[in-house]
Amino acid sequence: MDGVQDWTSMLIAILILSSFILNFTDIPQKIQFTRYSSVVRRKLMELIEFEEEGRRKSIKYLKDMNLPNPKTLIDDYVDNFFMIFPVEREPIDVIKRLKHLLRTRDEAVKRYVLDKVPNVSEIDRQRIEVLLELNSVLTYINKVVKHYYNLGVKFNDWIMMMQLALQINQIVRLAKAYRDAIDSFGVGAPIGDGAGALVARMLLGNVSGASEIAPETVLYETSFEGRKLYVIKAKGPGPTVGWPGEALEKLVDSLECRISRIITVDAALKLESEKSGEVAYGVGAAIGDLGPEKIAMERIASRCSVPLDAVVIKMSNEEAINTMTKQVYEGVVRAADIVKNTILSKTREGDAVVVVGVGNTLGIE
Amino acid sequence: MSVLLELDPLYILLIAIIVFLSSYLLISYLRESSTQKKEEKGKIVTVKKCLSCNYVLNKPYDKGEYVGRVGEKCPKCGGEMMVTAIYLETPPQPQEAIS
Ligand SMILES: [Zn+2]
């Protein structure tokens, strides 16, 4: 009996002591801080490995293109070529300013590659640009994570460290997608984001003879069940998205609004509960740019009062920037059927219809 | 008499807590390491279709192929074949999300 009483009094003493420690000291938080920061440190090593691996792979792909010194090409690019967003507090002509900045940046990147690698083909130039951009993104992700990690350590901020530790798995997943994307772009097969462009290609069948209506953007003219069909997509098979909004604007202007329907097709981010390759349709401009292209489509459609349809193929972030999966491809086939049905049911013979296949056209002519 | 009954109940409680905690740690460690290794890259498939007889051919992707490329001869009728699709065939992944 005595032994049991000893134990109970000791247990009570331990309980009181631990409740004191839990409530009136920072020791539990310090312990958690150590635990969470070790989680972040471990994942940060993974991120650094991703960055280095991405760099190695890019150098390999650039060497395969016979570039003289790929390493300096990448090192000089990363961290540079940022774009400062225009002032939004004064919204007048903000889209025009944004468009100008975007074009200026694009031109600067193009000039950079052409200066370092003269006599490069257009497709190789676009591939180099994408590889540089992917490396830049990987470096940036690492820098942001390191920033918050260092801040957390510096100020003993366990809440910041905890938030970082809880989010780091998603960040690693994103970085992994970008690292894998280097391979996907190196391989040259269509990526998930090319779903819209692939729908456009499917509507065309074996039609060729495109005209470059806007920079890196092409227009095909064909017919479908008695309708005149104009198809706009980025110029393939290099990895580019072109300027579909500008192209649509030019086309509809040149036809003096004699268009009875505009159908935009694009890849869209799925919610976690949705399946990859699900297709949905609605109205509006299906395009995920920063604004200038989308607003160009909306403006021209509303100015000519042409109905603007949207068809989207859903996929995850990772699928969008990696080689197109079979599920997404099956979605593309369904989306092409939906576009055909829309044309058949909502336009009459003799009408003119524009289909805009939005997205990166890598591996799709 | 079994050994357990001779022990103090507090010892049994302590042992139970230790067993629970260590198995929890072990399980969470095992779960983490098992989610890390399921990385299977699929194969990229190129689908070619004959423009005259609609014969469809699936083959592994070769570098340089792109959708819309024509030029190869159809093994059936000798007509031109066009690449109509290129996609990645992945092994089915276990679905954990509620859809
Ligand atoms: Zn044939």
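Chain B is divided by the domain assignment into domain 1, spanning residues 7-39, and domain 2, spanning residues 43-89. In this predicted model, the C-alpha centres of domain 1 of chain B and domain 2 of chain B are separated by 54 Å. Two helices and four strands make up the secondary structure of chain B, and along the sequence these elements occur in the order α-α-β-β-β-β.

Burial in chain B was assessed over its 99 residues, of which 22% count as buried. The exposed area of chain B is about 7500 Å², with carbon and sulfur atoms contributing 62% of it. When contacts in chain B between residues at least 6 apart in sequence are considered, 46% link residues at least 24 apart. The mean pLDDT of chain B is 83, and a value of 70 or more is reached by 84% of its residues. For the complex, the predictor reports an ipTM of 0.86 together with a pTM of 0.88.

In chain A, the largest nonpolar core contains 43 residues, and the members that touch the most others are Leu47(A), Leu62(A), Leu73(A), Ile128(A) and Leu132(A). At least two residues of this core are supplied by each of the helices α2 (27-64), α3 (70-77), α4 (94-116), α5 (122-154) and α6 (158-187) of chain A. The greatest contribution to this core is that of α6(A), which provides eleven residues.

The surroundings of Leu47(A) were examined with its neighbours within four places in sequence set aside. On this basis, Leu47(A) is in contact with Asn142(A) and Val145(A), and also with Ile168(A), Ile171(A), Val172(A) and Ala175(A). A second core, separate from that to which Leu47(A) belongs, comprises 42 residues, including Ala189(A), Ala200(A), Val207(A) and Met315(A).

Ala200(A), one of the residues of this second core, is also among the buried residues of helix α7(A). This helix of chain A covers residues 195-204 and is largely enclosed by the rest of the structure, because nine of its ten residues are buried. The buried set begins with Ala195(A), Gly196(A), Ala197(A), Leu198(A) and Val199(A), and continues with Ala200(A), Arg201(A), Leu203(A) and Leu204(A). Following α7(A) is Gly205(A), which has a positive phi near 65°.

Definitions and conventions. Residues are numbered from 1 along each chain as its sequence is written. Chains are lettered from A and ligands numbered from 1 in the order in which they are written. This is a predicted model: local features need pLDDT of at least 70, side-chain atom pairs count only at pLDDT 80 or more; totals for chains, interfaces and linings use all residues. Side-chain values use heavy atoms; hydrogens and water are left out. Buried means under 20% relative accessible area, exposed over 50%, partly exposed in between (1.4 Å probe, protein chains only). A nonpolar core is a set of buried Ala, Val, Leu, Ile, Met, Phe, Trp, Tyr and Cys residues joined through side-chain atoms within 4.5 Å. Contact means heavy atoms within 4.5 Å. Domain bounds come from an automatic or database domain assignment. Accessible areas come from the Shrake-Rupley method with a 1.4 Å probe; for residues, only the protein chains shown count as cover. pLDDT is the predictor's confidence in each residue, from 0 to 100.
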